[in-house]
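Q: Please take a close look at the aromatic ring pairs here, and then follow the chain outward from them into the parts that surround them. I would like the reasoning spelled out where a cut-off decides the outcome.

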Amino acid sequence: MEVLGPQDVQKHSVHTLVFRSLKRTHDMFLSDQSNPPAMDEKAEEMKMAIKKRDEYQSVVNLVNHHQKANHLDQDEENIAIPSNIDPESSNQNIENSGMEMTVRYEPPEESTKALVPVLQSQSLLPRRSSSVPKPKWHPPWKLFRVISGHLGWVRSVTVEPGNQWFATGSADRVIKIWDLASGKLKLSLTGHISAVRGLAVSSRQPYLFSCGEDKQVKCWDLEYNKVIRHYHGHLSAVYSLALHPTIDVLITCGRDSTARVWDMRSKANIHTLSGHTNTVSQVVCQSSEPQIITGSHDCTIRLWDLAAGKSITSLTNHKKSVRTLAFHPKLYMFASGSPDNIKQWKCPDGKFVQNLSGHNAIVNCLAVNSDGVFVSGGDNGTLFLWDWKTGYNFQRIQAPVQPGSIESEAGIFSCCFDHSGTRLITTEADKTIKIYREDETATEESHPINWKPEIFKRRLYLIVSKKYRPLSTEEIPMRESEEAENMAANAATAASVSYLPNETSEPNLQLPPPPPLSPPDYGELWIHQGPDSLNHSFRENR
């Protein structure tokens, strides 16, 4: 094989080499530009069939029905009986001839009724005007018992499945068990070294589970009133826990931005549900999908697949941190609470249902009973009661602080209904537990539904300097001059007066302030369960 030396290689300029490359490329593709590949008829038929099915499926059936109706009309014209022939004799002739045919006699005047009814499109039918459902009447709730005994903020509450007692956890590091009927203290459990933030009682075993800001998750045996298991793994404070209703699984979440799934017996960390970017404040669990839902301070709600340990959906509708979640006991729905809005969702895909606006506070807790009474508790001590179906706010309660406390200690941290749904338990910043029940003397006549959806759902807009300024409903009756009424009427015609709030707009409507509350009779309501429960205390920064 002959090897060429450096002197045998012919050198060319860069311009010449580039030109030759372009020429070769041009020659390679020139012949294919004018000769496209032949069309495949089978592929083209398949393409048109798919396009027809995807784009015209909803009207293809209508065309077929119209064609069938036209054919039947033509056949009917061919076999129509003249008006001067007796129908009975004509029917006898047809039967005698042995023809298997159905003949319909036409009267002398023209008939507008077709032999086969033509199916009309759903969009062509007149649609009924959508009516807003009227809320169900609920009797108002009243405070009937206040229990004191904790020496710190009461942060958590749970009711045992037998509905005989309930447990509360406090910032004084003590778990107290109370008799639900009498409100008397039955037991105190000590073991946590920081505030107890979550409690749950198992319906399958005699176990009480607790979690706290000391990173600990404990399992208490209620037969011996001792801790029998610890679940180690969280890197920071644990804020909430939930028990699976059908399998022996425990779910916890906390400030390390994760939710952890534990085997209740072996204490093994089955899954670590990571995905949130901030504190996971609440976790709830149910037997149907999604089995686990978490709410976080990163303003998102995540729906989790328990078997795979992965996130199914992330709901980003909230604009502020989500601090609480609640399942409806009967409906396949859940609710989330945030300072911007309370939102309702449908399971299993997390479809948005509606906003409940008006509770202008940091919403710390939510609860709902089987009658559709939906409760939200705020950081300023306000308790709002809603009708679940319509979102109508039928009562507002300002929780009174216990004697000796300051006004800023009015804050509700957790709430829950007992299993009968007739008693509401709240735990508050004034170190007390308050129990509410329905007013048995209230009737629909004494407490009518003051429901005006056009007031709460409508906004008028005034044109001021070529800009739209929202006019609140409180301002409208105050405009007595004729000029103001004309401006409101012009704005109604020019700017689409009313609209229903949707997910994108979410108007934060300011509701009228609640009426002043009469102070309760503390002499009959208060039950003191320990010393130093009435000392002055100040709310610390959380």
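A: In this predicted model, the count of aromatic pairs comes to ten. One of them is formed by F209 and Y231, whose ring centres are 6.4 Å apart and whose planes meet at 45°, so the pair is classed as tilted; the reasoning is that stacked requires planes under 30 degrees apart and edge-to-face requires over 60, with the rest counted as tilted. Because F209 belongs to strand 7 while Y231 sits in the loop between strand 9 and strand 10, this pair ties together parts that are 22 residues apart in sequence. F209 counts as buried, at 0% relative accessibility, and Y231 likewise counts as buried, at 1%.

A second pair, between F334 and W345, has its ring centres 6.3 Å apart and its planes at 15°, so this pair is stacked. It links distant parts of the chain, with F334 in strand 19 (residues 333-337) and W345 in strand 20 (residues 342-346), eleven residues apart. F334 is buried, with a relative accessible area of 1%, and W345 is counted as buried at 0% relative accessibility.

The tilted pair is also part of a wider arrangement, since ring pairs link Y207, F209, Y231 and W262 into a cluster. Rings take part in another kind of arrangement elsewhere: the charged end of R155 sits over the ring of F413, 4.3 Å from its centre, and the charged end of R437 is placed over the ring of F144, also 4.3 Å from the ring centre.

Returning to F209 and its strand, strand 7 (residues 207-212) pairs with strand 8 in the antiparallel sense, over five bridges. Within this pairing, C211 has V217 of strand 8 as its bridge partner. The two strands form a hairpin with four residues between them, and K215, in the turn, has a positive phi of about 70°.

Strand 8 itself, which spans residues 217-221, is mostly covered, with five of its five residues buried. The cover extends to both faces, for V217, C219 and D221 are buried on one side, and K218 and W220 are buried on the other. On from strand 7, strand 8 is also joined to strand 9 (residues 226-230) by four bridges, and these two strands run antiparallel. D221 stands opposite K226 in strand 9. Strand 8 and strand 9 form a hairpin with four residues between the strands, in which N225 takes a positive phi near 55°.

The loop that carries Y231 lies between strand 9 and strand 10, and strand 10 brings us to an open sheet of four strands in the order 10-11-12-13, paired antiparallel. Its edge strands are strand 10 (238-243) and strand 13 (269-274), each of which pairs on one side only. From one strand to the next, the twist averages 20°. Strand 10 is joined to strand 11 (residues 249-254) by five bridges, again in an antiparallel run, and L241 has T252 of strand 11 as its bridge partner.

Two further residues, which lie in other strands, can be set beside these. T168 is found in strand 3 (residues 165-170), and T168 counts as buried because its relative accessibility is 0%, where the limit for buried is under 20%. Its side chain and that of W178 are joined by a polar contact of 2.9 Å. Not counting residues up to four places away in sequence, T168 touches residues that include H150, V154, L199, T427 and I433, with W178 also among them.

G377, in turn, lies in strand 23 (residues 373-378), and G377 also counts as buried because its relative accessibility is 0%. Computed along the chain in positions, G377 and G411 are 34 residues apart, whereas in space their C-alpha atoms are 8.2 Å apart. Leaving aside neighbours within four places in sequence, the residues in contact with G377 include H359, I362, V363, T382 and I412.

Technical notes
Residues are numbered from 1 along each chain as its sequence is written. This is a predicted model: local features need pLDDT of at least 70, side-chain atom pairs count only at pLDDT 80 or more; totals for chains, interfaces and linings use all residues. Side-chain values use heavy atoms; hydrogens and water are left out. Buried means under 20% relative accessible area, exposed over 50%, partly exposed in between (1.4 Å probe, protein chains only). Two strands pair if DSSP finds at least two bridges between them. A polar contact is a pair of N or O atoms within 3.5 Å; within protein, one must be able to donate a hydrogen and the other to accept it, and residues adjacent in sequence count only if both atoms are side-chain atoms. Contact means heavy atoms within 4.5 Å. Axes are lines fitted to C-alpha atoms, for helices over the stretch in contact, and angles run from 0 to 180 degrees between N-to-C directions. Rings of Phe, Tyr and Trp (its six-membered ring) pair if their centres lie within 6.5 Å; planes under 30 degrees apart count as stacked, over 60 as edge-to-face and the rest as tilted. A charge sits over a ring if NZ of Lys or CZ of Arg is within 6 Å of the ring centre and within 35 degrees of the ring normal.
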